[in-house]
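Dear colleague,

Please find the structure below for your review. My notes on it follow, beginning with a single helix and moving outward from there.

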Amino acid sequence: MIRLSDQSVVVDLEGIERLKLEDYAVEVLAHEIGHHVLAPANASNHYRLLARIRQGLPTLEQHAPMVANLYTDLLINDRLQRQSGLRMHAIYQRLVDHDDPIRRPGVWALYLRIYEILWQLDRGALGVMVENSLFNTHAWLGARLVRVYANDWLTGGARFSALLLPYLHAAEQEKEAQEKALQQLMDTQSAGQDCEPTGLIDFDDDEKVSQLHPSEDPLITGTEPDEQAASDTPRDEQIIPGRGQRREPFEYGEILRAAGLKLTDHELAVRYYREAALPYLIPFPKRAAPQTLEPQMEGLDVWEMGDALDEIDWLQSLSYSPQPVPGITTLKRRYGMVAGAEPATRPVDLDIYVDSSGSMPNPQQRISYMALAGAVICLSALRSGARVQATLWSGTHQCISTLGFVRDEDSILSILTGHFGGATAFPIHKLRDTFAQRDVQDRDCHILHISDDGITTMFDQDERGNSGWDIAAMALEKGRAGGTMALNLYREWTTQNATYANDLRKARDQQGWEIYAVTDLAQLLEFAREFSHRHYGQRSVTLPSAKFNAE
């Protein structure tokens, strides 16, 4: 087996002895190293190959790791046999039982028959004696596929899965016999364990159109495509479904599990939204402090035992006495702080509240633009040195938060990717307790709400009978950095007579809340970028063409 996380090769020496392969050390190790340098070569390619193979195995996606393993084995072994002159065929001759040849089509039989064709071995050299013309045609197509797509093996992998699909359906009926033969070859099933996935959020450009059966691929068959069929859809009008599309979190999780990662749905969601947020990250703005402070040397002090060794000023100490005596002749510099020439910057903390009521999607199953927008803003804040308190809320007593203002990326994303799916009742007590004891020594803090019209429950009474309006006003006053609401509303909400619209107008006009209305949750990504530029425009931020306003 191999491990992509640390580029390791693990060999079962007892298995080597049992199969009498002691004389094939070069072949065995060359094959395993081939997985590290050719296919899949790295964890990212491993994930991408599994994603493509899963597309070609409808209803049988659970077999994707095995199919990927067989396919990469074919690529590696063919190159070692033909270009390096290694005895790969001899290893397979040791693995098969020549006294009991295979006479029925199956995955194992097709796999061995492809080798016989690739290496021009006599029929039955690897124990396959299947009398079936369709089976032999498929084996020939498989051999051609290995050669044609040797340098584009990701595309070839999708076609290989289409070739094996009917045999996998048949294998379900003979599962035990097939598994025993194939299990000894599965050396990449857990190769992705402990690896960090990257580049897997979006579909590859040709991923969704690459599940072509080898018999329909002119590169493999050597025949020209039917002219009439080709003319039905002009080439310049063809749509490539993979381009610009994004996987759903549950699809992302299934691929990672197929690669050997053992993670919960919540842990997978944290990884998904972290990677999805990376292209949109913006430098979170900082406010200017009065002035920077810079150290300036003021004199010398005695260095004593217990002080840090790197504090000793050896030049001054040895000039004082050529024989240093710790604590007597050893000296260290004394520094004071003076005002610098440039103003300092101080990051603005962020207190973010994300709605997770029944009208919101579960971030662990389907993409949630509320969670993604929150991830973009929170990760940007952390990048600048700010601290973040994240709160997820739904109905009464349905509220979870980070342990105050933290800089732990995982704990913040874990909150944002949670899901309640209950009623709607803003956690007024959380807002109250966060700012009640805040004083002028604390950092400025911006308050951000991502919700819909349910945010107006923030103005109800809390459990102590206090007015939510008073608590919201107190939070804005002590936060000193303003408050924003990004709400999924109709653009015309300002002209409506509904209770929620009246409350929002009052919050905007009397308390100063900035209210952004987005008609589509996907627009929250644009809001996440605009948010930093609009409120803290001290840094250059690339903005989308669409502009928001408080209306």
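**Helix H19 and its surroundings**

Helix H19 comprises the 13 residues 499–511; at 1.5 Å a residue it should span 18 Å, and the 17 Å between its end C-alpha atoms agrees with this. Please bear in mind that the model is a predicted one.

The buried residues of H19 are Tyr500, Ala501, Leu504, Arg505 and Ala507. Because they cover an arc of only 155° around the axis, they lie on the same side of H19. An α-helix has 3.6 residues a turn, so residues three or four places apart point the same way. On the face turned away from the buried side, H19 carries the exposed residues Thr499, Asp509 and Gln510. The cover over the buried residues of H19 includes helix H18 (468–479), strand S11 (480–488) and strand S12 (514–518). Just after H19, Gly512 adopts a positive phi of about 90°.

**The strands linked by H18 and H19**

Strand S10 (residues 445–451) pairs with S11 in the parallel sense, over 6 bridges. Within this pairing, His449 stands opposite Met485 in S11. The chain passes from S10 through H18 to S11, in a β-α-β crossover that is right-handed.

S11 also runs parallel to S12, to which 5 bridges join it. Here Ala486 has Tyr516 of S12 as its bridge partner. The connection from S11 to S12 goes through H19, and this β-α-β crossover is right-handed. H19 is thus described from two directions: the chain crosses through it on the way from S11 to S12, and both of these strands are among the elements that cover its buried residues.

**Two further helices**

In helix H16 (residues 409–416), the buried residues are Ile412, Leu413, Ile415 and Leu416. They are placed on the same side of H16 because their arc around the axis is only 155°. These buried residues pack against helix H13 (265–277), strand S7 (349–355), helix H15 (369–384), strand S8 (388–393) and strand S9 (399–401).

In helix H12 (residues 249–258), the buried residues are Pro249, Tyr252, Gly253, Ile255, Leu256 and Ala258. Their cover includes helix H3 (43–55), helix H4 (64–83) and H13. H13 therefore appears in both descriptions: the buried residues of H16 pack against it, and it belongs to what covers the buried residues of H12. H12 is followed by Gly260, which has a positive phi near 110°.

**Leu118**

Which residues does Leu118 contact, leaving aside its neighbours within four places in sequence? They are Leu74, Asp78, Ala143, Val146 and Arg147. Leu118 is found in helix H6 (residues 107–118). With a relative accessible area of 6%, Leu118 falls under the 20% limit and is therefore buried. Arg147 is 29 residues away from Leu118 along the chain, and the C-alpha atoms of the two are separated by 8.5 Å.

**The protein as a whole**

The protein contains 20 helices and 12 strands. Of its 551 residues, 50% are buried. Among contacts with a separation of 6 or more, 78% are between residues 24 or more positions apart. The accessible surface comes to about 26600 Å², and carbon and sulfur atoms account for 48% of that area.

With kind regards

Note on methods
Residues are numbered from 1 along each chain as its sequence is written. This is a predicted model: local features need pLDDT of at least 70, side-chain atom pairs count only at pLDDT 80 or more; totals for chains, interfaces and linings use all residues. Side-chain values use heavy atoms; hydrogens and water are left out. Helices (H or I, at least four residues) and strands (E, at least two) are DSSP runs, numbered from the N terminus. The expected span of a helix is 1.5 Å times one less than its number of residues. Buried means under 20% relative accessible area, exposed over 50%, partly exposed in between (1.4 Å probe, protein chains only). The arc is that of the directions from the helix axis to the C-beta atoms. Contact means heavy atoms within 4.5 Å. Two strands pair if DSSP finds at least two bridges between them. A crossover is right-handed if, with the strands pointing away from the viewer, the path from the first strand over the helix to the second runs clockwise. Accessible areas come from the Shrake-Rupley method with a 1.4 Å probe; for residues, only the protein chains shown count as cover.
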